[in-house]
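Trainee: I have a structure open and would like to talk it through with you. Could we start with the terms and then go on to the details?

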Amino acid sequence: MPEHPEPFDDGRAIDHTGAGGATDLAMEEGESLEKNPSAASGGPLGTGSAGRPRSLWSDAWHDLRRNPVFIISGLVIVFLVIISIWPSLIASGDPLQCDLSKAQEGSQPGHPFGFNGQGCDVYTRTVYGARTSVSVGVLATLGVAVLGSVLGGIAGFFGGGSDAVVSRITDVFFAIPVVLGGLVLLSVVTSSTIWPVIGFMVLLGWPQISRIARGSVITAKQNDYVQAARALGASNSRMLLRHIAPNAVAPVIVVATIALGTYISLEATLSYLGVGLKPPTVSWGIDISSASQYIRNAPHMLLWPAGALAVTVLAFIMLGDAVRDALDPKLR
């Protein structure tokens with residue numbers, strides 16, 4: 001078996017990742033093939049059952065499905081997504097139906113989490129609050145990843161004036177404190193929908209992804225297979241989309257996965273401060289804010305939505321850590 005894969009073995013770019021710095025995956029796999037034989041995988045470590053070298057993504061999936069952290073966090077996230085789409089599966093009540101006569105009462109049959117200050121069922125509101133928090137986190141992360149990747153990729157690939165302009169704009173947005181920016185920008189918004197909050201997160205969140213995408217593209221475009229494609233007359237769009245982007249996207253995925261949990265907690269923070277989501281929207285941040293004044297008399301009003309928020313953020317952070325470990329060859 002050759003030590004290094006050929007640059008164009010079947011017309012596709014060699015899988016490569018910029019995670020953790022400038023790392024040549026082909027060299028890492030070549031060394032591991034020599035030093036770490038594994039009979040369990042049907043051949044040397046890093047190969048499939050047919051003895052062919054696995055790609056970065058298949059190798060990462062091979063590691064992820066054996067990682068208990070990934071399995072546990074993945075199951076939690078799948079459960080959250082399911083109840084976000086169909087909350088009625090586990091909560092049959094109406095989160096906006098309240099009975100003031102039961103305000104601040106504790107657990108009762110059929111109402112395991114008790115009632116809040118308005119007499120609304122805390123369990124039902126906690127279940128329905130997952131839809132808002134997960135939706136905000138996922139949509140904000142997608143927006144940030146797309147905008148940051150496009151701007152960072154253009155800056156890293158073309159360099160020169162494009163790189164200078166994007167870098168200076170990035171510096172300006174990095175200088176804006178996120179929470180303070182949210183207090184200023186969202187305080188003038190009267191809409192109670194999730195879109196202003198998502199737009200704010202995308203507006204201030206893209207610079208981080210842009211920096212990472214820029215560095216990954218700069219690293220990827222210096223590889224031999226990109227230079228060979230350029231020498232063969234490949235257009236800029238072909239090199240960027242076919243050869244560079246697939247090999248530079250790994251660190252973006254890792255950071256975006258971890259940031260998803262951060263955006264969920266940011267939405268709760270802004271809602272707690274009164275500038276994020278607003279009633280009648282059901283949100284963990286809104287429930288935490290309304291329950292904070294009753295924490296001594298009725299702590300259950302605060303503990304359940306706060307616990308759900310903590311578990312959700314922790315699950316996404318754990319998932320991001322597991323994906324990072326699988327996609328970064330230096331951590332193997």
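Mentor: Happy to! Let us settle one term: a residue is buried when its relative accessible area is under 20%, exposed when over 50%, and partly exposed in between. Keep in mind as well that this is a predicted model.

Trainee: Thanks! Is Cys120 buried or exposed?

Mentor: Compare its value with the cut-off we just set, under 20% for buried residues. Cys120 has a relative accessibility of 3%, so Cys120 counts as buried.

Trainee: And which residue is joined to Cys120 by a disulfide?

Mentor: The structure holds one disulfide. Its sulfur atoms are 1.6 Å apart, and the link is right-handed, with 60° about the S-S bond. Both cysteines lie in the loop between H3 and helix H4 (122-158), so the pair ties together parts that are 22 residues apart in sequence. The partner, partly exposed at 38% relative accessibility, is Cys98.

Trainee: Which helix gives the most to the nonpolar surface patch?

Mentor: The patch covers about 730 Å², and its members include Val178, Leu185, Tyr272 and Leu273. Another member is Leu203, which lies in helix H7 (residues 195-220) and counts as partly exposed because its relative accessibility is 38%. The element that gives the most, with six residues, is helix H6 (residues 178-186).

Trainee: Where in the chain is the confidence highest?

Mentor: Start from the average: the chain has a pLDDT of 81, and 82% of the residues score at least 70. Over residues 1-45, however, the pLDDT is below 50, although this stretch has 82 contacts in the model beyond near neighbours in sequence. Strand S1 (residues 37-38) is where confidence is lowest, at a mean of 38. The highest confidence, at 93, belongs to helix H3 (residues 68-85).

Trainee: How many helices does the chain have?

Mentor: Read the elements from the N terminus on: α-β-β, and then α through to the end. Beside the two strands, the number of helices is twelve.

Trainee: Last one: what share of the residues in the chain is buried?

Mentor: The chain exposes about 16300 Å², and carbon and sulfur atoms supply 64% of that area. Among contacts with a separation of 6 or more, residues 24 or more positions apart account for 68%. For the 332 residues in the chain, the buried share is 45%.

Note on methods. Residues are numbered from 1 along each chain as its sequence is written. This is a predicted model: local features need pLDDT of at least 70, side-chain atom pairs count only at pLDDT 80 or more; totals for chains, interfaces and linings use all residues. Side-chain values use heavy atoms; hydrogens and water are left out. pLDDT is the predictor's confidence in each residue, from 0 to 100. Helices (H or I, at least four residues) and strands (E, at least two) are DSSP runs, numbered from the N terminus. Contact means heavy atoms within 4.5 Å. Patches are made of residues with over 30% relative accessible area and no salt bridge: like charges are joined within 9 Å, nonpolar side chains (Val, Leu, Ile, Met, Phe, Trp, Tyr) within 5 Å. Accessible areas come from the Shrake-Rupley method with a 1.4 Å probe; for residues, only the protein chains shown count as cover. A salt bridge is a side-chain nitrogen of Lys or Arg within 4 Å of a carboxyl oxygen of Asp or Glu. Buried means under 20% relative accessible area, exposed over 50%, partly exposed in between (1.4 Å probe, protein chains only). A disulfide is a pair of cysteine sulfur atoms within 2.5 Å.
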